[in-house]
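Here are some questions a newcomer might put to a structure, each with the reasoning behind its answer.

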Amino acid sequence: MTDVAGTTGTVQAWVESPFQLLGALEAHAAGRLGRRLDVLPRKDVEPLVTAVAEVTRLGLPEGAAVRLPSGAPRRGGDDLAVGDAFSGAVHRLLVQGPPRRLVLLDDGRSTRRVMDALLDPEIPLVRPHVRQTAHRNVLARMAKARIRRMISQGRVRVITSLPLPDRVLREAAAIGLPVEPNDFAWLRSLPGGESGQPGVEKTIVLGTSMVANRLIKAAPYLSWIRGLADRGPVVYRAHRRENASTLSPLTNYPGITMVHGEVPVEISLRGMTEAHRVMSLPSTAVTTLRLIAPQARIQEFAVPRDWWMPETPEAARQHLVPDDESDFLEIPQHSSH
């Protein structure tokens, strides 16, 4: 007997971030992986430890287990799910001991870049804003060739919560790469999470890692956040990768309540209602929170052109945009000074 995934037993999921962990659990809860799921968290990733503790406290989906943190498995086995197709650890695994079947889970909006790389022979399977060594580029080419060969043999699937362009879906279908949706039904079904005072709007601003990653300038970003706080109280949920360049200037600014989230927003904000307003620069969390808390008013703002750092590659800018053109909100120019 086989299930939706076409597997007959246990699927291993190698996850390197909290978001990848949630993607694996959601895919399993939706019946898109095997009857049993063994999650292998990467060791030495503190936010992942916290996220594992939280999902365990909430109660894992039936048939799922989370093992102790470890290094990447040496062999992929029969069925393997991975969350970061750009990862060097994943590339080594695919080259040295590929699984019989492979599932690519979400790793945020980089999934779109992964799809482009798998569909276009000219796009390398590496993050566009990270400079790679020659050795690393060779490994990435070998891993991409391996995945492409597995796709041609019907051994790869993609499970994503991101809306993908019709062109991408058509091209994926043409080469035999199934793309299946993740609508976060498991987390959406769990009670609890963010609460608010009835009848009182609560504004939550999602912090970004783009300043810390040197993709955008700090000054206009900070000016925008301060401008929001000048117009009314906001809760600023710091991104786990933010550093003192953004957090220190905002911590004691009037009107800002700083929250250093210990768990992913998909867990902590899942209970939002129509009284909640969320504001954010382009972020995967916007996509997922719209699935998990559809009652909340969630706004995503485009990065103004003059905020980008000069060295930010055009490929990165093209992927860090709002989900939909109809949601393309502009930040008032006066707030960037």
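The turns below deal with a predicted model.

Q: Why is the chain called as compact as a globular protein of its length?
A: The chain has a radius of gyration of 20 Å, and the globule rule gives 20 Å for 337 residues. The two values are close, so the chain is as compact as a globular protein of that length. The C-alpha trace spans about 55 × 45 × 35 Å along its principal axes. The chain contains 12 helices and 12 strands.

Q: What share of the 337 residues in the chain is buried?
A: Buried residues account for 53% of them. A residue goes into this group if its relative accessible area is under 20%.

Q: Why is E16 called buried?
A: The relative accessible area of E16 is 11%, and the cut-off for buried is under 20%. E16 is therefore buried. The residue sits in the loop between β1 and α1.

Q: What makes the pairing of the side chains of E16 and R42 a polar contact?
A: The distance given for the two side chains is 2.6 Å, and a polar contact requires N or O atoms within 3.5 Å, one able to donate a hydrogen and the other to accept it. A second polar contact, of 2.8 Å, joins the side chain of E16 to that of S87. Leaving aside neighbours within four places in sequence, the residues in contact with E16 include V45, L48 and D84.

Q: Why is D44 called exposed?
A: D44 has a relative accessible area of 75%, and exposed means over 50%. D44 is therefore exposed. It lies in the loop between β2 and α2.

Q: What is notable about phi in D44?
A: Phi of D44 is positive, about 65 degrees, although D44 is not a glycine. Most residues other than glycine have a negative phi. R214 also has a positive phi, near 60 degrees, and is a residue other than glycine. R214 is in the loop between β8 (202–206) and α8 (218–231).

Q: Why do R214 and R149 fall into separate exposure classes?
A: R214 has 52% relative accessibility and so counts as exposed, the cut-off being over 50%. R149 has 42%, which lies between the limits of 20% and 50%, so R149 counts as partly exposed. R149 belongs to helix α5 (residues 134–152).

Q: How do you know that strands β1 and β2 pair?
A: Six bridges join β1 (residues 10–15) to β2 (residues 36–41), and pairing needs at least two. The two strands run parallel. W14 has L40 in β2 as its bridge partner.

Q: What makes β3 and β7 edge strands?
A: The open sheet has seven strands in the order β3-β2-β1-β4-β5-β6-β7, with parallel pairing. Strands β3 (64–66) and β7 (179–181) each pair on one side only. From one strand to the next, the twist averages 25 degrees.

Q: How are helices α1 and α2 packed?
A: Helix α1 (residues 18–29) and helix α2 (residues 46–58) meet at an angle of about 35 degrees, and their axes are 8 Å apart. Residues making the contact include L21 and L25 of α1 and A51 and V55 of α2.

Q: Which classes of residue make up the contact of α1 with α2?
A: The contact has nine nonpolar residues, no polar ones and no charged ones. Leu, Ala, Val and Pro are among the kinds that count as nonpolar.

Conventions:
Residues are numbered from 1 along each chain as its sequence is written. This is a predicted model: local features need pLDDT of at least 70, side-chain atom pairs count only at pLDDT 80 or more; totals for chains, interfaces and linings use all residues. Side-chain values use heavy atoms; hydrogens and water are left out. Helices (H or I, at least four residues) and strands (E, at least two) are DSSP runs, numbered from the N terminus. Buried means under 20% relative accessible area, exposed over 50%, partly exposed in between (1.4 Å probe, protein chains only). Axes are lines fitted to C-alpha atoms, for helices over the stretch in contact, and angles run from 0 to 180 degrees between N-to-C directions. Contact means heavy atoms within 4.5 Å. The radius of gyration is taken over C-alpha atoms; the globule rule is 2.2 Å times the number of residues to the power 0.38.
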